Amino acid sequence: MRIFNFSAGPAVLPEQVLHRAAEEMLDWHGSGMSVMEMSHRGKEFIGIADKAQADLRTLLAIPDNYKVLFLQGGAMAENALIPMNLLGKKTGADYINTGEWSKKSIKEAKKYCAVHVAASAEDKNFTYVPPQDSWKLNQDAAYVHVCTNETIGGVEYHWVPQTGEVPLVADMSSHILSRAVDVARYGVIYGGAQKNIGPAGLTLVIVRDDLLGQALPITPSAFNWKEQADNDSMLNTPPTYSIYIAGLVFEWLLAEGGIAAMEKKNIAKAALLYDYLDQTGFYSNPVAPGDRSRMNIPFKLKDESLNEAFLKGAQKNDMVQLKGHRAVGGMRASIYNAMPLEGVQALVAYMKEFERTNG
Ligand SMILES: *Cc1c(COP(=O)(O)O)cnc(C)c1O
């Protein structure tokens, strides 16, 4: 029996993908072995990795002049690797601070480059995206870094920043594949897989090829994007099983109608929850309506002494991982691609019932 898992990550995976992985566990396509046991340089695994990349390129319509890298270390490692790989002869970069994950990116980058915070939402407790006309961008910056979906605060960009000649670098960990994205507007898109792609252990980097080859000499080879690109992400052993599962997720997304179909479902799922939050005084969401995340929806009970009872009742109704991040408190529902509409319907029904009996 499956429960509704609202975890921010590692997060719910499509049931069909898990069934398929189970069927193929002991003997992948007559190879007599599990994908976990395959050489990453053997023809079976190369086929799996190539298909995963091809399907991802189809899903996101990634232009040919972009490299897709399957790496390790998570988005947290990339926060350090971005300045290492992109600074070149420059000394600084612009960062937009929209919350907890932006702050972590800034903290890491500061170890390697001069960080200029070009805009910040701290004045309103990170409940909005600062509008572009308030950004103080530096023409000499090596890049502009944004976190396009703040997983903890539940703030999402619903527009693409304009950065002119300066490459735009986006941490899309928690909303990649949830909506259409014009890859060509970005220099680099990156994210950990465990939110909306697949299992933990895989880190995705999509990088425009003219940005390669500027790594600082201290950059570890395993994390040097150019070296990895030149070696099809197989300079060293990649996270093979995570790539395989991600590939199954990509196949599932294509079968479901691709990103456009998924985006439609995600809009409907998020609207269901936000509409209810906006019509009750029992719960509330603090984010500016135009900047609300479709993937991560934080909310608070007006009477926070009911938090424990709320979570216990949810668990009893087979809904788990609704506790908010400690940085913001309250509750959070993460409703990634693999969360079915029925899960959100069940959550809203439970919230209404909890309000009726405790309000
Ligand atoms: C989860 C998350 C990260 C951290 O990813 P790790 O894989 O744990 O390093 C970074 N940025 C965002 C937006 C996230 O949601």
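Which domains does the domain assignment of the protein chain give? Domain 1 runs over 16-255, and domain 2 over 258-358. Hello everyone, and thanks for coming. Before I go on, please keep in mind that this is a predicted model.

Let's begin with how the two domains sit together. Taken over C-alpha atoms, the centres of domain 1 and domain 2 are 27 Å apart. Domain 1 brings 25 residues to the contact, and domain 2 brings 24 residues.

How much area do domain 1 and domain 2 bury between them? The size of an interface is often given as the accessible area lost when the parts come together. For domain 1 and domain 2, that comes to about 2,100 Å², with 54% of it on carbon and sulfur atoms.

Now, which elements of domain 1 are involved? On the side of domain 1 that touches domain 2, at least two residues each come from α2 (43-60), β7 (155-156) and α6 (240-255). The largest share of that side, three residues, is supplied by α6. Sorted by type, the residues on that side of domain 1 are 11 nonpolar, 10 polar and four charged.

How many salt bridges are there between domain 1 and domain 2? The count there is zero. Polar contacts are another matter: 14 residue pairs are in polar contact between domain 1 and domain 2, both residues of each pair being at pLDDT 80 or more.

That brings me to salt bridges elsewhere. A search of the whole structure finds 14 salt bridges, and I'd like to walk you through a few.

Please find Lys111. Lys111 pairs with Glu108 in a salt bridge, and their closest N and O atoms are 3.1 Å apart. Are these two partners buried or exposed? Lys111 counts as exposed because its relative accessible area is 53%, over the 50% cut-off. Glu108 counts as buried because its relative accessible area is 15%, under the 20% cut-off.

Next come Arg208 and Asp210, which also form a salt bridge, with 2.6 Å between the closest N and O atoms. Asp210 has 47% relative accessibility, so Asp210 counts as partly exposed.

For a salt bridge inside a helix, look at Arg356 and Glu353, whose side chains meet at 2.8 Å, N to O. Both belong to helix α9 (residues 341-358), and they are three residues apart, about one turn of the helix. Arg356 is exposed at 61% relative accessibility, whereas Glu353 is partly exposed at 37%.

There is a network to point out as well. Which residues are linked in a network of salt bridges? They are Arg20, Glu24, Lys51, Asp55 and Glu251.

Let me turn to three single residues now, starting with Asn85. You will find Asn85 in helix α3 (residues 74-86). With a relative accessible area of 3%, Asn85 is buried. The side chain of Asn85 reaches the backbone oxygen of Phe223 at 3.0 Å. Setting aside residues up to four places away in sequence, Asn85 touches Leu211, Gln214, Ala215, Thr219, Phe223, Asn224 and Trp225.

The second residue is Arg292, in the loop between β11 (283-284) and β12 (296-301). Is Arg292 buried or exposed? Arg292 counts as buried, because its relative accessibility is 10%. Leaving out neighbours within four places in sequence, the contacts of Arg292 include Gly154, Glu156 and His158, along with Tyr274 and Asp278. Asn285 and Val287 are in contact with Arg292 too. In the case of Val287, the side chain of Arg292 reaches the backbone oxygen at 3.2 Å. As for distance along the fold, the C-alpha atoms of Arg292 and Lys265 are 16 Å apart, and these residues are separated by 27 residues along the chain.

Finally, Arg185, another loop residue, sits between β8 (168-171) and β9 (188-192). At 37% relative accessibility, Arg185 counts as partly exposed. Arg185 touches Val160, Pro161, Gln162 and Leu168, again without residues up to four places away in sequence. The C-alpha atom of Arg185 is 8.6 Å from that of Pro167, with their positions 18 residues apart along the chain.

If you take one picture back to the bench, let it be the boundary between domain 1 and domain 2, with 14 residue pairs in polar contact and zero salt bridges. Thanks for listening!

Key. Residues numbered from 1 in each chain as written. Predicted model: local features only at pLDDT ≥ 70, side-chain atom pairs only at ≥ 80, totals over all residues. Heavy atoms only, no water. Helix = DSSP H or I, 4+ residues; strand = E, 2+ residues; numbered from the N terminus. Buried < 20%, exposed > 50% of the residue type's maximum accessible area, 1.4 Å probe, protein only. Polar contact = N/O pair within 3.5 Å; in protein donor to acceptor, adjacent residues only side chain to side chain. Contact = heavy atoms within 4.5 Å. Domains from an automatic or database assignment. Buried area = accessible area lost by both parts, 1.4 Å probe. Salt bridge = Lys/Arg side-chain N within 4 Å of Asp/Glu carboxyl O. Nonpolar A, V, L, I, M, F, W, Y, C, P; charged D, E, K, R; others polar.
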